[in-house]
Amino acid sequence: MTQMLRLENVTTAYGAVEALKGVSVHVDPGEIVTLIGANGAGKSTLLMTIFGSPRARTGRVVFEGRDITGMPMHEIARAGIAQSPEGRRIFPRMSVRENLLMGAQSFGVDPAPGLEQAFTLFPRLKEREAQRGGTLSGGEQQMLAIARALMSKPRLLLLDEPSLGLAPLVVRQIFTAIRTLNRETGLTVLLVEQNANQALRLAHRGYVLVNGRITMGDTGAALLARPEVRDAYLGTH
Amino acid sequence: MSDSVLGGPHEGGAARSDDGVPAPGQTGGIPRGPAPAAPRPPIAHALRDAVMAALVSVVLFVPLVGLRTDVSPGSGLIIRTRWADVAILVGLVFAGRLLLNLWQDHRPARTAPTARRTEVLRRIGTFVAPLLLGFAVVLPFLPGTSRYVLDLGILVLTYVMLGWGLNIVVGLAGLLDLGYVAFYAVGAYAYALLSTNYGLSFWICLPLAGIMAAFWGVLLGFPVLRLRGDYLAIVTLAFGEIIRVVLINWVSLTGGPNGISGIPRPSFFGLSFSAGGGPGSFSDFFGLEPSPTHRVVFLYYLILALALLTNWVTLRLRRQPLGRAWEALREDEIACRALGINVTNTKLTAFAIGAMFGGFAGAFFATRQAFVSPESFTFIESAIILAIVVLGGLGSQLGVALAALVMIGGFEAFRDLEEYRMLVFGGAMVAIMVWRPRGLVSTRTPSIALGKRRAISGDLVGEGHG
């Protein structure tokens, strides 16, 4: 099977501190892959390295056969990768609709089908269409961030901690939406999560990142069953 | 890698409770009155605070007011002390601060502005803008409009235009530019040099001056692409000074401190405004009595048209992807990058277009004055223009126009106060920032709306954003 995204022995550093120490992961088309790990393990760094900020110091990032390691961020986005960044980062003073349009405008795509998809996936956003982004609840902001990322019709979606600071019920809603997207549109998803339990249930495959190195990689179910994963990340015995 | 917690600096500008309703009384960054959690007696607190303010004023006033050097009858300087004046000033500060504190404790608690209030403000806004425009158009023909009023009108409109131009950079794109006057200077000198050296007419020089300024805007933009906030402000401030210092020192080209004089006046489609009339003049062609007022009226309409052009372009751009990208850039640069927006181009176009309007205004300034010198382009000009934008409410076109009217018109109105003028002026600015911390007009109408346009109140937005 051809791989959609491949990181080959990637090292990323902030000054002298190496956050990623030779990481190799891959994502196949149509997969949901999750990356779990403790605070500071390098999960977000890995996602940001795919997007070119910070850049990989050594190694390569390959997307659909193209080396994107040194490309500017806006070109990486145009290659077909979308990102829902950590902390959601919606535009607080713009309306929900304007936020969504921002997701489409650099790609020369017609925003109408994207808007329709966003409002079907998250009917709450339709209700709040004219409302200012900053007045939405945390869950609604997360929905907006995901919907905005989808406006560009990406083939790969990078999600950074979508469950951050949200109530369990809202987290479930968002994870259900991700599964629906994956099943119905074949969207490939790379998901970074601290909420390992739910992330591994959702994902086809998962990687465990410890101190900038991949220590395990297996199917979601297999990782869930492993005692060392259960001890370290699930808090159940 | 940073796992930021909820409520980080980019986590939405507004204070908000979990159910999405803006939390009343938390919208601003300035604590108002004593915190409700601390049940300190208000009088004691107010007294303590007033004593602190008085102490600060002692530190300030002892060297500033208390000590004065005079030339002694013999030779050299002697120090005179004026402790009585210091005591009066400190007493005033103490009493004023105490009264302010007591008043704040007793007035009703501030509540979050309701949607209705925003709606009322918006309605007023829809009336005020056409009224102001109508007034501006008929002003030269109103009875009792003197030459002085027209000159003042031209001055105000120049600042309206500069404010609208800077508003693109600061208000829309959120790039704090303290050197905007540099582009004003580039435009003015471009017109002055092209017209005096090559005899080009105003109408050819106007676009050239705009292009020159836009070019310099891009030139400034490149080195500051990675800078934000304070750092950007410092570099743009330096840029403004560099332009001025170059103008002073490049004597062979710019005439140095003497400036350039004898700059040609604009003509009305080839008809000159010569005071004596004569063939080929404006008054001769239209069969009017030759009058110097014609030129002033013409200049007035010229700057009005240029200002309206600035406004029109800004309003148009705000509805286009580029304008939306500017606003998104102001809100969150990282999100913009993630959404595939070319941040470099977005910033450079903001600098270039903002600078271009500064250049237009500069060319107008040069033709109106018929004289330019570096003295007209000091930092205080940048500061005044920025103050107009901030007081008007960042990003608000009407607010900027009102602020220019209040600031420049008010500055003239208080001319009789002489040296106290700056005091009144400073006091007024402090007052506006206390009562309307987000500027005079702080609502933002979405550039895209379904059916009814709903204004977005700036009162819900944290101060100091963008």
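Here are some notes on chains A and B of this predicted model, point by point.

1. Overall shape of chain A. The secondary structure here adds up to 10 helices and 10 strands. Chain A has 237 residues, for which a compact globule would come out near 18 Å in radius of gyration; the chain has 17 Å, so the two agree. Along the principal axes, the C-alpha trace of chain A spans about 45 × 45 × 35 Å.

2. A cis peptide in chain A. If you scan the omegas, stop at A:Ser53 and A:Pro54: the bond joining them is cis, with omega about 5°. A:Pro54 sits in the loop between helix 1 (43-50) and strand 4 (58-63) of chain A.

3. A positive phi in chain A. A:Lys153 isn't a glycine, yet its phi is positive, about 55°. You'll find A:Lys153 in the loop that runs between helix 6 (138-150) and strand 7 (156-160) of chain A.

4. Domains of chain B. The domain assignment splits chain B into domain 1 (42-106) and domain 2 (123-460). Measuring between C-alpha centres, domain 1 of chain B and domain 2 of chain B are 40 Å apart. The next points go through some helix pairs of chain B.

5. Helices 5 and 13 of chain B. Helix 5 (residues 181-198) of chain B packs on helix 13 of chain B at an angle of about 50°, the axes being 6 Å apart. That angle makes helix 5 of chain B oblique to helix 13 of chain B. The crossing of this pair is right-handed. On the helix 5 side, the contact residues include B:Phe183, B:Tyr184, B:Gly187 and B:Tyr191, while helix 13 of chain B brings, among others, B:Gly358, B:Gly359, B:Phe360, B:Gly362 and B:Phe365. By class, the residues of this contact come to 14 nonpolar, five polar and no charged.

6. Helices 11 and 13 of chain B. Helix 13 (residues 343-369) of chain B also meets helix 11 (residues 321-331) of chain B; their axes come within 10 Å and cross at roughly 100°. Helix 11 of chain B and helix 13 of chain B are therefore roughly perpendicular to each other, as 65 to 115 degrees is the range for that label. From helix 11 of chain B come B:Leu322, B:Ala325, B:Trp326 and B:Leu329, and they meet B:Val343, B:Thr346, B:Lys347, B:Thr349 and B:Ala350 in helix 13 of chain B. The tally for this contact is six nonpolar, two polar and one charged.

7. Helices 14 and 15 of chain B. Helix 14 (residues 379-392) of chain B and helix 15 (residues 397-413) of chain B have axes that come within 7 Å and cross at roughly 125°. The two are therefore oblique to each other, and their crossing is right-handed. In helix 14 of chain B the residues involved are B:Ile384, B:Ala387, B:Ile388, B:Val389, B:Leu391 and B:Gly392; facing them in helix 15 of chain B are B:Gly399, B:Val400, B:Leu402, B:Ala403, B:Ala404 and B:Met407. This contact divides into 10 nonpolar, two polar and no charged residues.

Key. Residues numbered from 1 in each chain as written. Chains lettered and ligands numbered in written order. Predicted model: local features only at pLDDT ≥ 70, side-chain atom pairs only at ≥ 80, totals over all residues. Axes fitted to C-alpha atoms, helices over the stretch in contact; angles between N-to-C directions. Helix = DSSP H or I, 4+ residues; strand = E, 2+ residues; numbered from the N terminus. Parallel < 35°, antiparallel > 145°, perpendicular 65-115°, else oblique. Left-handed = near helix turned anticlockwise from the far one by under 90°. Contact = placed C-beta atoms within 7 Å. Nonpolar A, V, L, I, M, F, W, Y, C, P; charged D, E, K, R; others polar. Domains from an automatic or database assignment. Rg over C-alpha atoms; globule rule 2.2 N^0.38 Å.
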